[in-house]
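Below are some comments on the fold and on a few residues worth a look. Please read them with the structure open.

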Amino acid sequence: MQDEFMLVMTTCPTQESATQLANALVEENIAACIQISSPVTSVYRWEGNICQEQEFSLQIKCLSKNYQTLEAKIQELHPYQVPEIITLAITGGLPAYLDWIRET
């Protein structure tokens, strides 16, 4: 099971762009489930400036074997020049839930 499942995180500037990205990833069977958060405030440095923006966070559950396809699809559809794409290995969880991810 180790390294079979992963949680990928990204952010989008609008709920609409987050929903479009989530729908594309699930429709193409790249991800099993994506949760979109309420707006969060992000503070970051970009091109020498301190920026503060509202964003929507996406928590994407998928199989590790789909990561390269997932990354490419996020980059293709994402409105940011450099989107946040962070991965975490899922090393445990409810077996029935992990089976469900595997089957999707």
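1. Glu 47 sits in the loop that joins E2 to strand E3 (49-63). The model is a predicted one, and the remarks here apply to it as such. Glu 47 has a phi near 50°, which is positive although the residue is not glycine. Most residues other than glycine have a negative phi. With a relative accessibility of 64%, Glu 47 counts as exposed, because the cut-off for that class is over 50%.

2. How many residues lie between the strands in the hairpin of E2 and E3? There are two, and the positive phi of Glu 47 belongs to this hairpin. The two strands are paired in the antiparallel sense over 12 bridges. Val 43 has Gln 52 of E3 as its bridge partner, and Ile 36 stands opposite Leu 58, also in E3.

3. The hairpin is part of an open sheet of four strands, whose order is E2-E3-E1-E4 and whose pairing is antiparallel. E2 and strand E4 (86-90) are the edge strands; each has a single partner, so one side of each has no neighbour in the sheet. On average, neighbouring strands of the sheet are turned by 30° against each other, with direction ignored.

4. Which strands does helix H2 (residues 67-77) touch where it packs on the sheet? The contacts are with strand E1 (5-12), E3 and E4. The direction of H2 makes about 5° with that of E1.

5. A second positive phi should be checked by eye. Asn 29, in the loop between helix H1 (15-27) and E2, has a phi near 55°, again in a residue other than glycine. Is Asn 29 buried or exposed? Asn 29 is exposed, since its relative accessible area is 51% and the class begins over 50%.

6. On the surface, Tyr 44, Trp 46 and Val 82 make a nonpolar patch of about 280 Å². Tyr 44 belongs to strand E2 (residues 33-46), one of the strands at the edges of the sheet. Why is Tyr 44 classed as partly exposed? Its relative accessible area is 32%, and partly exposed covers the range between the buried limit of 20% and the exposed limit of 50%. Tyr 44 can still count towards the patch because membership asks for over 30% relative accessible area.

Definitions and conventions. Residues numbered from 1 in each chain as written. Predicted model: local features only at pLDDT ≥ 70, side-chain atom pairs only at ≥ 80, totals over all residues. Heavy atoms only, no water. Patch = residues over 30% accessible without salt bridge, like charges linked within 9 Å, V, L, I, M, F, W, Y side chains within 5 Å. Areas by Shrake-Rupley, 256 points an atom, 1.4 Å probe, with all protein chains shown as cover. Salt bridge = Lys/Arg side-chain N within 4 Å of Asp/Glu carboxyl O. Buried < 20%, exposed > 50% of the residue type's maximum accessible area, 1.4 Å probe, protein only. Pairing = 2+ DSSP bridges. Axes fitted to C-alpha atoms, helices over the stretch in contact; angles between N-to-C directions. Contact = heavy atoms within 4.5 Å.
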